[in-house]
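This report covers a strand pair, one acidic side chain and the cysteines. The entry is shown below.

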Amino acid sequence: MRKALALLLACALLMTAAFALAACDDEDPADASSSNAPVSSESSKGPSPESSASEDVSAPSEEPSSSEPSSEESTGDPAPTAPEFISHFLSFGTVDTKVTATSNNAVRLTGIDVMPEDGAIVLYTPDCEELPEADALKDFAVAVFEYSHEHFGYVKTAFCEAGEAEDLEVPADGFAVAAHSNQETYVKRLKELDETTTVFPHGMHISAMDYTIKKATSAPSIDGGFNESEWKDYRIDDVDASNDLWSYEQFEKNEYYSTGTYYVTYDDEYLYLCVVVSSPYHYCPITPATANNMWQYECIQVKVSTEAPDGEYIQTNFDHVANPKAVNDGVLHSYGFAANDQNETCFYETGKITTFPGLAGCTRDDALQQTVYEVAFPWSEFELTPEKGMRLGLTFSINSSNEDDLANSIFKNLIYRCGGGVIGRNDWAKLPTITLG
């Protein structure tokens, strides 16, 4: 009997516990709002400035994302987004045809000479009309670059962490970059860049190289026999080791044996170029039939753009490696001119238009150690009618590799700064803009 009573009591206790559990499960869901359980961190995050800026799948996988809460949840406003990247970028070290905006030695840009926004990376040139003040830079790291004649390129001269920069100042011969703190990968690259590595600003036009040309009072003779009285009024500049606009980076240090002077003028029919080169060497074993090989030897290589290199068209289509549109459209014209070892004038042309008549005279005088290149480009070649104020691009290189250099696969070329749009990257923004006066 006692065992039976004990069993009944145990059953009663179990039923009471079951009713209590059922009562907990039936709690009003409205009361759950008072729970202190944490909200998922995923629901409190907004989209990262990087991911919302562009759908470019080629962006580096290491790009940082924002961990800041979305303003949409707290205020109802849309989450902040970063500006989209543009095609302009910086690359560090040797510039080749393989480097891209997403390479590990590159920094992408979202704008040039514009006010900084959240998530932006902006490059500022000396031509910028309105530079940001300290308050606008409080969330930006700032790196400053100046041209170094010792390195024949731009090098970093200063760096400020976010919040440290004062009113932005751009060197007269350089540029500055403001990178938002959200762009952690790129801020780190700018900070860790040493002060001897050259930096190439892809697509940045260098206005110091621009010039205005005079209209000729009489046409110069194009025969390779330099007549100073014909050209003296149209002299543009000297090419030597003291000229900051020209680079001897392909020469051995302080072995800058090749120099030059150049002249440019025009009339209603022609654009005229004369380059006088002084060099103890002249090696050019080509023939008129093999002129396309002259780039290896003593010659000049010339490029003409029918669009101004600082204008919208070239700024959109500056990078021949990534975007050949300027060549395909017939905007960029490439030429080479040489006096071969028999003192014959040789030339080549590439590009869309192939009607160049070869109005050129090139001669070598070994006694004077001087080579003269005279060229008349017909305006009809460019489908242009010249008029005062017209702007276009003109650049050239002086190729100075001698026989010993070629035996060792060494190429020595005198070039405008950053390749001048001829050697290396073929960055059309690096052509000087010339204005017809």
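How many residues lie between β17 and β18 in the hairpin that they form? There are 4 residues between them, and Q369 in the turn has a positive phi of about 55°.

## Basis

The model is predicted: local features need pLDDT of at least 70 and side-chain atom pairs pLDDT 80 or more, while totals for chains, interfaces and linings use all residues. Residues are numbered from 1 along each chain as its sequence is written, and side-chain values use heavy atoms, without hydrogens and water.

## Hairpin

Strands β17 (residues 360-365) and β18 (residues 370-378) run antiparallel and are joined by 6 bridges. Pairing requires at least two DSSP bridges between two strands; a strand is a DSSP run of E of at least two residues, numbered from the N terminus. D365 is opposite Q370 in β18.

## E374

Strand β18 also holds E374. E374 is buried (under 20% relative accessible area, 1.4 Å probe, protein chains only). E374 has no salt bridge (a side-chain nitrogen of Lys or Arg within 4 Å of a carboxyl oxygen of Asp or Glu). The nearest side chain of opposite charge, R235, is 15 Å away; Lys and Arg count as positive, Asp and Glu as negative, with His and chain ends not counted.

A polar atom of the E374 side chain lies 2.9 Å from the backbone nitrogen of D223. The side chain of W231 makes a polar contact with that of E374 at 2.9 Å, the term denoting a donor-acceptor pair of N or O atoms within 3.5 Å.

## Cysteines

The disulfide count is 0, with a cut-off of 2.5 Å between cysteine sulfur atoms. C128 counts as buried because its relative accessibility is 13%.

How values were computed. Buried means under 20% relative accessible area, exposed over 50%, partly exposed in between (1.4 Å probe, protein chains only).
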